[in-house]
Structure formats: C-alpha cells, structure tokens
Amino acid sequence: MISSLIIFNYSFSDKSPSWIPQSGALIQSVEKVNDYDAACSGYSVGRILREQKRVLASVRSELVESQNKIEEIRAVQEELQRLIPQKQLELSALEGEIEAAQRQLEELRETQNVKVFLPYSPLIHRKSYEELPQVPHSILNFDDVIDYSRCSISSFMPIFVDRITDGRDEKEWENVFRKAAPVLTEKSDEACLKIRITNGILNTDDSYNTVLFNIGNPLKILQNLKLIMVQSSQLRSFDLAVLANYTSPIQQSPVPLLPIKRKYLIGMIVRENSRKLDLSTLEDSGNNATHKFIIGKCYENKSNCSKEERRQIHSQSTFCFLLESDEFLQDFIDSIEFGCIPIILSNSARLPFEDLIDWRRAAHRLPIARLPEAHFIIRSFESSDILEMRRMGRNFFETYLADRKSIADSLIAALRFKLQMPTLETRSDQKNQAVPLFNSSFISPIGSLVNVQQNFDDEYLLGPLESRVKSVSFAYNFTEFQLYSYEIWNTVYSPFRSKEFIINAAEPPAEAEFHEDTRIGFRAIEPGSGVEFSKALGGNRQREQFTVILLTYERDSVLVGALERLHQLPYLNKILVVWNNIHREPPDTWPSLHVPIEFIRVTENSLNNRFVPWDRIETESVLSLDDDIDLMQQEIILAFRVWRENRDRIVGFPARYHARYGDSMFYNSNHTCQMSMILTGAAFIHKNYLSAYTYQMSAAIRDHVDDIKNCEDIAMNFLVAHLTRKPPIKTTSRWTLKCPTCTESLFKADSHFEKRHECIRLFTKIYGYNPLKFSQFRADSILFKTRLPQNHQKCFKYV
C-alpha cells in the first residue's frame, strides 16, 4: 500500500509554530492530495473534499434560490391577504346590488303603478255630461261653472290672464298673476282657467272657467252667473273671499306675540247697519269685571271708522269683536295682522279660503245671540291658547294674505286644489338646478382609491351595501288634495306646488310586510339582536337612503378626509359637495367611493347654499355635514335610524340652547341639562325643509346670514321649530365635534358668539316670537349600556 503520511508535531506552547498549517491552509493542503486509496473509496481524500464542497455550494445555491422563491410567495400571500377584505367588501356590495336588483325586479312585476300614465284623450266635454240625469238644485255649485274637458291633469292647469278695466292697479295685478301661473298661456281657448281682473265692472258675457278678480267695490252677483267671483263680500257658496286692495302697515317687524295682555281686553267697531244692537249687557259685564273695553261707534262719529282709528283699536285690544258689514274682511285681516284675536259674531261671515284654511285655529266664531255671554267666554281662554291663536293668525296672514304675490299664489293654489290639478315643476323649482363644477360633469376627472381595513367584528356591522335607491318622488300628486290637504294648508303652509315628498306621509301597519301586495320595499328584521339588526333598517317604513351635503371653501385636505370617512357607509345614496369658493377651481383628483361624489358650482359664497333644495338630491333624507366633522359611521347610522322615526325633526349631534341673562336672550354652548338647537354641521333634515328655508322663510333672515357669514344653523332651527312646534333630537353623547387638523374655523373668531347672540334676538323680532322649543333628553340605541347575555350582541357597539 502506497500512502502518504503527514506527521504533526504537537506543541504545548501557547502559540503554534509558524510551520504548522492553520485550519484554512490545512484544508487547502488536504484538497491537493490526489493519492488513490483502493482500500477505501478508491478516491483520494482531496477529491472527496472537493466534491463535497461542490455539493455544498450547490445546495447552498438551491437554498438561496428557494429562499427567494419563498419571499416572493410570501409577498404574493401578503398581497392576497391584504386584498381579501377589499374583495369581500366588493363581493358584499355585488351581492347587495344583486339582491336590490332582484327586489326591484320583483317590485316592478308586482306594482301596479298608474302614476306614470296620463289620460289618453281629453276629458268628457261639458255638453256631453250636461245631458246626464242631474240632482236638481236651486243654487249653482263649483262644478256648474267649470268645463273639466279644458282641465286635463296632463295640462298642469294652463292659465290665461287679462283685465276688463285698464288702470294702474289692474296692470300690476295682471303682472303678478302672470308670474304666479303654473303654466301661462296667451290663448284663452286653451286655458283651464281665465283670470280676468276688474275694478268694479262686471262682464256678464263671461262664463265657464272664468275667475273674475274684483279689486274695486263689491259687485252684486246674479245667482245664475256661471263664473267664479273673487271679492270681499256678497259671495255665493263657491265664490272666494279675498280683500284685493289691502295694504299692510307692518313690513319686516310684526307685532310681537308677547305680552299677552293689552290696554283693552275687547275692541269693537259698530257701524250703521248694527246701530240697533244692544251692547248694554256687554258693557255692564266689562264694568263689573274691571276690564277695559273700547267700542268705536261709527254712526255717532265717522272719525271712529277711519282706517287709522280702526287699526289703533285692533293693535291695543286682546280680542276684537267683529260684526258683519261691507268692511268685515278689512277688519278681520287687520285684527290678525295686529295680533288681536278675532271673535266673529256670525256663523255665516265668509273668510278667505275658508274651505282650506282652518281659521278655527286663529279665530273664534259665536252666534250674535251670544254677545251678552261673549265676555265670560273669552275670559275662560287659557293664556297659551290666546298666544297660539295669535301665532296662527299671523302665520296665515303672512303666508296667504300679506301682499299681492301671496294673494295671487293662494288664489291659484285654492283653485288648483278644487280642480285637483298637479303642477309641473315650476320656475321656482328651476332655480334649484345644480351646475356641475367640472365643466359639464359633476364628477371629478380623477378618482383616487380609498384603503379601508375591513373589521370582522360582527358587532361592528352597520348594514348591507346596496345599490343606490331613490326616494319615490311626486307620489302624492292627488292624495295631497284631500288626505294631506289640512296639513299642507295649516301646518307646513305650502300648497303652491305639487309635493315632491310629504314629510309625515301615512305609514302602513306592521303586518304589511307579510302580504304580497304591500311588502314592497320592506326588509324585515329577523328575531335577534346585533347581527340580525344590522341586516335591515327596520322601523315602520320601507327601505330608503340619505344624501350627504358637504359645504366646503378652502380646506381641500380636510375635505378629502371627510369624504374618505364616508366610504362603505351603508344607506348612503350620494354625496353632494357644494364648492363655495367661487374664486378658485378645485383639484382634479378626489377620493373614489362606493357612491358618486358630485361637485356643485355656485355663483356666490354663501352659507345659505347649504340649504338649497338642489335637484341632484334624490332622497327625502339629507345629512348636512361640515367638511371638518369627524363622525364614526356607527353614529351616523344611529342618527339616520332615529330620524326615520322623527322625520319632521332635526336629528343630529352637537346641541346648543338659548337662555335669558338679564333682559336679553343669548346663545349658549355650555353643557346643560336641556337644549333647543342642533348644529346643522352634523344633522339629518328632511329635504322639504330646504325648500322652506329657501322660499318660505323670510328673506331678511337669509340676507342677515349672508351679511355676517354665520347663523344659518340657528335660522334652520328657528324655521323647523316654527313649523312643527317641536324641539330637535340629539343623538349620542357628543357635545362638540372638533377638527384637530383644521387651522381656521368660523367659531374661533372673537365675534362668533356676539354674532350668534344677535341672531337669536333678530330672528325673534322677525318671527314675532321665539319658536325654539326645549328638550331634556337625547336618543341613544335601545340597548345602550344594557347588560346582555353572551349569546346576544348590541345594536351598536361604540355608541
């Protein structure tokens, strides 16, 4: 055997001799040995080491490559894990859209919707149905003077206006009626109604569908004259009592409701036709009770009947006793304008639009035989009732009788209700047509993605992400004439146009969702709590969604954050951003959410733009938001659910109140046990209140908001409280909503609170009283702070 020996000399010194190979050198020297070892493997030790080293390098290379592949796979896995929540949301949205589409398809199949159809041909001509058997009657009625074949509902009541006499007043009235007409026509033979203006002259050739508007002395009307007469007295049953030549002495500052007591308890004007009336018992009753009466006897001194003297009596009296006379309507309107409660000593005296306006809420009728007892009767009235009658009288006056425009609008509205004619979207509605901000588009050119981490906590689920659902509009075009007539004329004071929505429309009974023909739109809540509750809105109404209105000016980054927080919010229909900065174009890139974000261009920087009833709003519910408000989605959904059950109220978050300090009223934001206002920077409001704010509310209030750039929220609270006599509703425990990233806000200005103090006082003066109502509770989730068994979940986990 030939072998090579390597002899190692081991040294026990601390340091090895220099001639001894180190470990690396030793290996290299061994690798160089190429002797053949037949007894062992047949290969040299060096060759074996070299082969093992090659194998090791190969394995190491494979490990590195495998590690790289593992990293790549891990990156792909992480990306997939990151996409899973987003894809689950997309899947949930698609499932919601599919379900909503299936529901809509089912509803379309089941619904027998006749609202979209119009008459196929003109109505029956009058001559055709005059030959039918008629119930005999000696006096004409409304149907006897109308040819309905000229008033098809598809015509939207075209009106022809002209004048019989040619004076200055007649020309002004003609212009007023032409502007008030829902549809104006210049061809009398195509008109549903012909409004003819006269100053005391009667044209007996007029007949059928003619409204004779007399601005002069009352005309003696023949009972068989087939037209509708409008004047102050001498009227038939279907004629209308209107005082055309009334001039109001009070402009922007109505007589305040308070104090309730005035110089005289009773004021009365007695004219020549009532001089034989025995007033001794009434005067004796007042003397015995030490109450002051003022009785103007015109037949003794004509100066007692001057307009100035009569108005002096009305303004100084708590109750005004009114007798029938040619000047009765003048006295009646004077009394309600000056806050004197009319006591009408007649059951037959005609009042303006009395078959539509409930004057019982503002006046009290007594037969003249009860004149000796009248003093005792009025003394029994509660103070709160007197103030309410005074308030209602002013509301009726300001809405329907205050000026020529009000009278013309009210007359056409009364005729429209009698004829049951819906209106087309009129000129007033066209003012609300939104203008797109991005050239011809409401949508920003570039949409950026919003990354939202899915929360898999079942208790955090807020509701399904459905396809967009509009509120059904103009569904009450005919029921408004009877079922909702009282509310429209006497509560919301807006009979002038067909209603897109009615706030307190009738609700179906609870079991409606069990029947095929009434279950449309319902998504019932299953038995259970948390998770089941989140699957549907529930409540007493069919499904619906809400629109967010964001008013913004300068803070683009703050607005982006506000928009991103609304991503994947259930029941959201769309977002309208009102771009209030008229001097700067917006950026092209905005977040891309699950619903459209529409940007509206305005012509002036005004806080009133927040409350314009834009045509782009397609839902009844509106969430008014400031761009710096940071709300949790749970809070928004809770407030939306609360609003659905209180549709006539403002429902929101930060609460404020008004309070008396000394002899003045102040605005206050301190934490207290009662509130009277909800800030509309975070509040749900019905769209109808946007129309009321823009068109019904006094223009002086909107002008003041523009002048000081403040108080639009106080103005909306005043308006809703005035219309409903109810306070707003606060939800959740939030008292303030601060924006830590905002560098400037209106409320930070030193003059902010001074402006708001003044707004409270000015608005009170304009309304004649302070309509704000106090409330001492807030609305929370029904299981809030309730201890639940382990197998139940709360409706909302964080609110």
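## Exercises on a parallel sheet and a helix

In this predicted model, strand 5 (residues 228-231) is covered on both faces: Ile 228 and Val 230 on one side, and Met 229 and Gln 231 on the other, are all buried.

**Exercise 1.** Find the partners of strand 5: which residues stand opposite Met 229 and Val 230?

*Solution.* Start with strand 4, which pairs with strand 5 in the parallel sense over three bridges. Here Leu 212 stands opposite Met 229. Now turn to strand 6, which is joined to strand 5 by two bridges, again parallel. There you find Leu 240 opposite Val 230.

**Exercise 2.** Work out in what order the six strands form the sheet, and which are the edge strands.

*Solution.* Going across, the order is 2-1-3-4-5-6, in an open sheet with parallel pairing. Strand 2 (183-184) and strand 6 (240-241) each pair on one side only, and they are the edge strands. Next, look at helix 4 (residues 168-180): it packs on the sheet and touches strands 1, 2, 3 and 4. Its direction makes about 170 degrees with that of strand 1.

**Exercise 3.** Check the span of helix 19 (residues 752-767), then say what covers its buried residues.

*Solution.* At 1.5 Å a residue, the 16 residues should span 22 Å. The end C-alpha atoms lie 23 Å apart, which agrees. Among the buried residues of this helix are His 752, Arg 756, Cys 759 and Phe 763. Their cover includes helix 9 (383-401), strand 20 (655-661) and helix 18 (712-724). Just after the helix, Gly 768 takes a positive phi of about 90 degrees.

How values were computed: Residues numbered from 1 in each chain as written. Predicted model: local features only at pLDDT ≥ 70, side-chain atom pairs only at ≥ 80, totals over all residues. Heavy atoms only, no water. Helix = DSSP H or I, 4+ residues; strand = E, 2+ residues; numbered from the N terminus. Expected span 1.5 Å × (residues − 1). Buried < 20%, exposed > 50% of the residue type's maximum accessible area, 1.4 Å probe, protein only. Contact = heavy atoms within 4.5 Å. Pairing = 2+ DSSP bridges. Axes fitted to C-alpha atoms, helices over the stretch in contact; angles between N-to-C directions.
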